[in-house]
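Reader: I've got a fold to get my head around before going back to the bench. Could you walk me through it?

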Amino acid sequence: SKYQQDFEARFNIPHITDVLPDAVSYPSTFCLKMRTPLSPDFAERYPSDEEWHGYINNRDRVLLKVIHYSSPTSAGAECIDPDCTWVEQWVHRAGPREKIYFKPEEVKAAIVTCGGLCPGLNDVIRQIVITLEIYGVKKIVGIPFGYRGFSDESLAEMPLSRKVVQNVHLSGGSLLGVSRGGPSVSEIVDSLEERGINMLFVLGGNGTHAGANAIHEECNKRQLKVAIVGVPKTIDNDILFMDKTFGFDTAVEEAQRAINSAYIEAHSAYHGIGIVKLMGRNSGFIAMQASLASGQIDICLIPEVPFNLHGPHGVLSHLKYLLETKGSAVVCVAEGAGQDFLEKINATDASGNIILGDIGVHIQQETKKYFKGIGFPADVKYIDPTYMIRACRANASDGILCTVLGQNAVHGAFAGYSGITVGICNTHYVYFPIPEVIAQSKVVDPNSRMWHRCLTSTGQPDFV
Ligand code: ATP
Ligand code: MG
């Protein structure tokens, strides 16, 4: 439409191009452009044998956001109509389609889990297998130890069935194993071809999704009819557009145990200080939510908000104030916070991720040094529950999320989509093209109400 062209020309935003039919009357209504199915030609599709209690239409949309700006100027680049103050964005709804692209008897499906552990991986694997079997798929395999399993000949693919996965969600970790690093994209696609895999479900974080997208593009280049579908695994909840990702709720809940232990240690000691380090390389969601939930945190430090340790307005002098007034204090710090204070290690892991310095240990040492230096007694205890949290099994709410995401991943592959990932958006389940969601990390907005609620709850001042 004219509006669409104007919008693209003026703001050069390539992803918001799939305009809804009623966009003429609501000129600022857009839909994230979805990948076209492997075959847009419905003649090549088959009716789904399963009725699924109703189908989702390819044209169904879910509202991503509505913003009503107080004036057209504050709408800025998101609004194409100079008089418009109303912007809507929509995404494609996930779920079973009436016409499917693959004949179930011709499918060989594979599942791979990469990166670090996250509560719920087994729940997703289990649900993918169960849903594939309901479609009638007989050949389902697990690729062991992440992308590495595609190239390491000593690692045999693991046959999967309902029987194998029935109880795997009762424990944490990944039935298939995880890894970082591994073969090149073209080696992975060679291996897909050799094994005759035409559906690949990839469970992992941003690195894994970058890999999945590259595998999708390589398959396109080789004109292979393979559906590559991701399920975003990030305990940090740092994926754009999504309400939350699986494992996050469990992590926040499990973090309560560490925070409570730190509180009890601090509270029971004379001038006790408890320090808890939680996950969050780029985004402080876990630290913020865990602080809000516990009500026991006096200082919450996240990567998005700069702070000073030393000086009259630094964390350490506030700790002294807390010991003088309350008698004890508890600090919650996200692993990516305060990286400026640490010596750069200049090392990367097998996947090329920068290895962060340990801010928790640094704060522990600086706190001890500071109180010793001023001759003020303080008893500092440090807890890093990271690996205990990551290895947990999913809680009830994550269990439900994993179940729906697993089912929708299979529906998406059968619908013929590739290079997509599944998510929850405004409480509805949707598909996203992978490049959209990995373009950048979702971070805590330091101006948001939620961060200010956290500050109200901890009572901490600005540390700058
Ligand atoms: P986590 O949240 O645990 O870090 P992740 O998916 O980001 O999960 P990584 O170790 O970064 O974990 O990556 C997982 C896999 O994806 C690795 O095998 C890595 O080789 C591969 N990978 C990472 N980045 C890319 C990329 N840009 N292109 C292709 N493959 C990639
Ligand atoms: Mg990563």
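**A walk through the fold**

Author: Sure, and keep in mind that this is a predicted model. Among contacts in the chain with a separation of 6 or more, 76% are between residues 24 or more positions apart.

Reader: How many helices and strands are there in the chain?

Author: Let's start with the chain itself, which has 464 residues, 54% of them counting as buried. It exposes about 20,300 Å², with carbon and sulfur atoms supplying 51% of that. As for the elements, the tally is 14 helices and 16 strands.

Reader: There's an open sheet of four strands; what is its order?

Author: The pairing in this sheet is parallel. Its edge strands, which pair on one side only, are β12 (299-301) and β14 (379-383). The twist averages 15 degrees from one strand to the next. Reading across, the order is β12-β13-β11-β14.

Reader: Which residue in β13 stands opposite valine 276?

Author: Take the two partners of β13 in turn. With β12, strand β13 (residues 329-334) pairs in the parallel sense over three bridges, and there leucine 301 sits opposite valine 333. With β11, the parallel pairing runs over six bridges. In β13, the residue opposite valine 276 is cysteine 332.

Reader: Is β13 buried or exposed, and how many of its residues count?

Author: In a regular strand the side chains alternate between the two faces of the sheet. On one side of β13 we have Ala329, Val331 and Val333, and on the other Val330, Cys332 and Ala334, all buried. So β13 is largely enclosed by the rest of the structure, and the buried count is six of six.

Reader: What angle does helix α7 make with β11?

Author: Two helices are worth a look here. Helix α9 (residues 315-325) lies across β11, β12 and β13, and runs at about 160 degrees to β12. Helix α7 (residues 248-268) packs on the sheet too, touching β11 (272-278), β13 and β14. The direction of α7 makes an angle with that of β11 of about 165 degrees.

Reader: And α7 with α8: are they parallel, perpendicular or oblique?

Author: Two packed helices are described by the angle between their axes and the distance between the axes. The axes of α7 and helix α8 (residues 285-294) come within 9 Å and cross at roughly 55 degrees. Because of that angle, α7 relative to α8 is oblique.

Reader: Which residues of α8 does α7 meet?

Author: α7 passes α8 in a right-handed crossing. On the α7 side, the residues are Phe248, Ala251, Val252, Ala255, Gln256 and Ile259. Those meet, in α8, Phe285, Ile286, Gln289, Ala290, Ala293 and Ser294.

Reader: Over at α5 and α6, which residues of α6 make the contact?

Author: Helix α5 (residues 185-195) and helix α6 (residues 206-221) pack at about 60 degrees with their axes 9 Å apart, so α5 is oblique to α6. Their crossing is right-handed. From α5, the contact uses Val185, Ser186, Ile188, Val189 and Leu192. From α6, the residues are Ala214, Ile215, Glu218 and Cys219.

Key: Residues numbered from 1 in each chain as written. Chains lettered and ligands numbered in written order. Predicted model: local features only at pLDDT ≥ 70, side-chain atom pairs only at ≥ 80, totals over all residues. Heavy atoms only, no water. Pairing = 2+ DSSP bridges. Axes fitted to C-alpha atoms, helices over the stretch in contact; angles between N-to-C directions. Contact = heavy atoms within 4.5 Å. Buried < 20%, exposed > 50% of the residue type's maximum accessible area, 1.4 Å probe, protein only. Areas by Shrake-Rupley, 256 points an atom, 1.4 Å probe, with all protein chains shown as cover. Parallel < 35°, antiparallel > 145°, perpendicular 65-115°, else oblique. Left-handed = near helix turned anticlockwise from the far one by under 90°.
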